[in-house]
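Trainee: I'd like a close look at a single part of this model, one of its pockets. Please start there and then work outwards to whatever surrounds it.

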Amino acid sequence: MKCFQRNIDGFYDVENQLPRYLRAVAEEGFERARTERREIDGRQAAMADADRKRAYFLDAIGGLPDERCELRAERTGRLRRDGYDVENVVFESLPDFHVTANVYVPREARDEGTDESSGEKEDENRPFPGVLFCCGHSDLGKGAAVYQQVCIDLVRNGFVVLAIDPLGQGERHQFYDPETGELPRRNTTEHTFLNQQCTFAGANVARYMVWDGIRALDYLERRSDVDSDRIGVTGNSGGGLQTAYLALVEDRIDAAVPCCFITSKRAYMDTGQGQDGEQIIHRAIDRGPRYDDFLSAFAPKPVLVGAARSDFLPIEGTRRSYERARSVYEQYDREDAIDIVVADDTHGFSPTLREATVNWFREHLRDEPVDFRTDSPEPIDPEELHCTAAGEVRATFSDETTVTALNRAYIAANAPDAATRPEVSDADRYAKEMRERVRQRFDLDRRRPALHPRRYETERMDGITWEKVFFPTERDPTVVVTGIVARADDGLEASGDPLLLLYERGTDDVENRTPDIRDLVAEHGFVLAFDPRGVGAVRARNVNTPLMNGGDYDDYHGTKNKLAADATMLGTSLLAMQVFDVTRGCEYLRDRLGDGVDVAVEGHGSMALHALLTAVATPSIRTVSLVNPVPSFHEMATSPDTTIDHGLTAHGVVGTVDIPQLLPALHDREIRWTGAEPSRYR
């Protein structure tokens, strides 16, 4: 049987149905946001809304660590420059999790007899305001010339500036191999990989970025040359994100300038672009925080929004979020404390934004005129700014931990038995509870339309009849799914139940697997090779621009990643939607073959998870076949070597609906394993 051609052989335009469905769900979230904003009619309402969005954010990223470890700050070098010094500093934000940083210090602040990096307040006269500088997505981190220039302009204007390397950048590459020097992942690819691991655990990689920023503020305010009552934070792109996140959760910040980050969820969704892992906050579209919430929650403190007219982040969204936040500042009678500057430039910390940032801090942290004009400060060789001898923390500290290890510890603390198959005293009761959990977690009981299947293109060959079928799975807007049926003609008896067959490439694999399907028909009599949405014949069109974001359909920043990210921010997942579709495939089998019929399901690779979840949710599935199944969510969340599959991204599945928890709920079913040992999941 030939596979489906484009748009279900011309019967139905399906290439846009998944993005369209996600957008329709998002519109409900956008409408809720509009309602919430209208209800902010005073300071008390504004403060309550800020508290709510802060709680949502912390819940989505998995909270913050409970205790502050010793910073163990160490100054590893000092550079003397024209009018200022640069200190190279290393501190620990978590035990054995080192942050590399440069401290730009005005020359007149230097007391050669004082070691400020010790963290001790030896001089109570701390005359200089401090600024935490958060680096964007440059592999050089704090060493990037454009970021150095911001720090140089600030220090020359009388600020002590602390620039830190974000994890995965500068000297903090998480996958650097100290023995070989190899770096298989770096920068934003690290962020996205690590975020999937954190997402499985119910957190976000931003948890560790925010904590690095909090501990950086701890270090900054302990310096004797810093006035801890005058602290600012700024950054561009990924640094703008860190600035916004810190402004939401950290009371010590007195002024903020997030650059080239603020837009709107709706405007960014329109672009079809992918996002980095730390940007994908669970339920951000569904409940917030949305971009304007980061500004509104900072009220009434002074915040300047830095933007670029020709940014890939749509300026239209930036202006909308600014105006929405400004309306909240009006509730405090502090419209003067929020402003926007738009550079006639593309994405980046341009001279226009650099100048505006310095003047904003001059006005609000130094009470000085806003008359600074920037030039082109000469940056330092990035290697001179290294805080470690090897230029990598993993090559310098033998016990250096990683985000993967931290995620492993997070799981151990929050779900200590996540990797262990639970001991069950009442198997039937456990199966019922797990069925309810899966159905609730993946919203499997939502309304659904009548199937009204359409069948066509029938072929008969060697005792098997092949046909194509499609039917709606969601009611509004319409989303359809597809399948290829192979059924035994009269006279060919089968011993097994009718089979729902799930390949990773769906029906696109049918032609290549015809011999295998023939064998399955001989056993089951009726086989439905099935495409849940986004797979096979109903695969979505490419929704982003590869030249901008890179990646093919399944890759980093590819279409699947983009769709999975949108789903996560809506509070669901591709996995949840596809499991819903698989339950609809089971309904089709029972509708066609008789409501009392039992069915079987076979999942290959990642689709083995879909098969397990559907079986737990569907008592009529009596046989589950798992062919070369992927590792458990727990294993994928805790191993640095796992292969990333954006289609499996789902928030908080470790320890709740993972393979070890699912298997006991199938105690009365037949489970067949091919290419994996069941003991691996116990």
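Mentor: Let's take the second largest pocket, with a volume of about 350 Å³. The model is predicted, so local features need pLDDT of at least 70 and side-chain atom pairs count only at pLDDT 80 or more, while totals for chains, interfaces and linings use all residues. Residues are numbered from 1 along each chain as its sequence is written, and side-chain values use heavy atoms, leaving out hydrogens and water. A pocket here is an open set of points on a 1 Å grid over the protein atoms alone, where a 1.4 Å probe fits and protein lies on both sides within 12 Å along at least five of seven lines; a lining residue has an atom within 4 Å of a point. Volume is the space filled by probe spheres set on those points, which are joined across faces, edges and corners.

Twenty residues, or 20 if you like digits, line this second largest pocket, and those nearest its centre are Glu 504, Gly 534, Val 535, Asp 554 and Lys 560. Sorted by class, the lining has seven charged, six polar and seven nonpolar residues. Nonpolar covers Ala, Val, Leu, Ile, Met, Phe, Trp, Tyr, Cys and Pro, charged covers Asp, Glu, Lys and Arg, and the others, Gly among them, are polar. At least two lining residues come from each of helix 17 (559-569), helix 18 and helix 19 (607-617). Helices are DSSP runs of H or I with at least four residues, strands are runs of E with at least two, and both are numbered from the N terminus.

Now stay with helix 17, since Lys 560 belongs to its buried set. Eleven of the eleven residues of helix 17 are buried, so the rest of the structure largely encloses this helix. Buried means under 20% relative accessible area, exposed means over 50%, and partly exposed is in between, using a 1.4 Å probe and protein chains only. Besides Lys 560, the buried residues include Lys 562 and Asp 566, along with Leu 563 and Met 569. Among the elements covering those buried residues are helix 2, helix 5 (188-200), helix 8 (265-271) and helix 18. Just past the end of helix 17, Gly 571 takes a positive phi of about 90°.

Two of those covering helices lead to the other pocket. The largest pocket has a volume of about 650 Å³, and helix 2 (17-38), helix 14 (427-441) and helix 18 (574-593) each give its lining at least two residues. Helix 2 gives the most, with seven. In total 28 residues line the largest pocket, with Tyr 21, Val 25, Asp 443, Arg 446 and Thr 572 nearest its centre. The lining of the largest pocket splits into ten charged, seven polar and eleven nonpolar residues. Helix 18, then, supplies at least two lining residues to the largest pocket and at least two to the second largest.

While we're on helix 18, look at Glu 587, which is found there. Glu 587 is partly exposed, at a relative accessible area of 26%. Leaving aside residues up to four places away in sequence, Glu 587 touches Arg 448 and Leu 451; contact means heavy atoms within 4.5 Å.

Helix 8, another part of the cover, is followed by a loop with some backbone details. In the loop between helix 8 and helix 9 (291-296) you'll find Pro 289, and the peptide bond from Gly 288 to Pro 289 is cis, with omega near 5°. Arg 283 lies in the loop between helix 8 and helix 9 as well. Its phi is positive, about 70°, although Arg 283 is not a glycine, and at 29% relative accessibility it counts as partly exposed. Further along, the bond from Ala 299 to Pro 300 is cis too, with omega near 5°, and Pro 300 sits in the loop between helix 9 and strand 8 (303-308).

Finally, the backdrop. The protein has 21 helices and 17 strands, and 62% of its 682 residues count as buried. Among contacts between residues at least 6 apart in sequence, 74% join residues at least 24 apart. The C-alpha trace spans about 95 × 50 × 45 Å along its principal axes.
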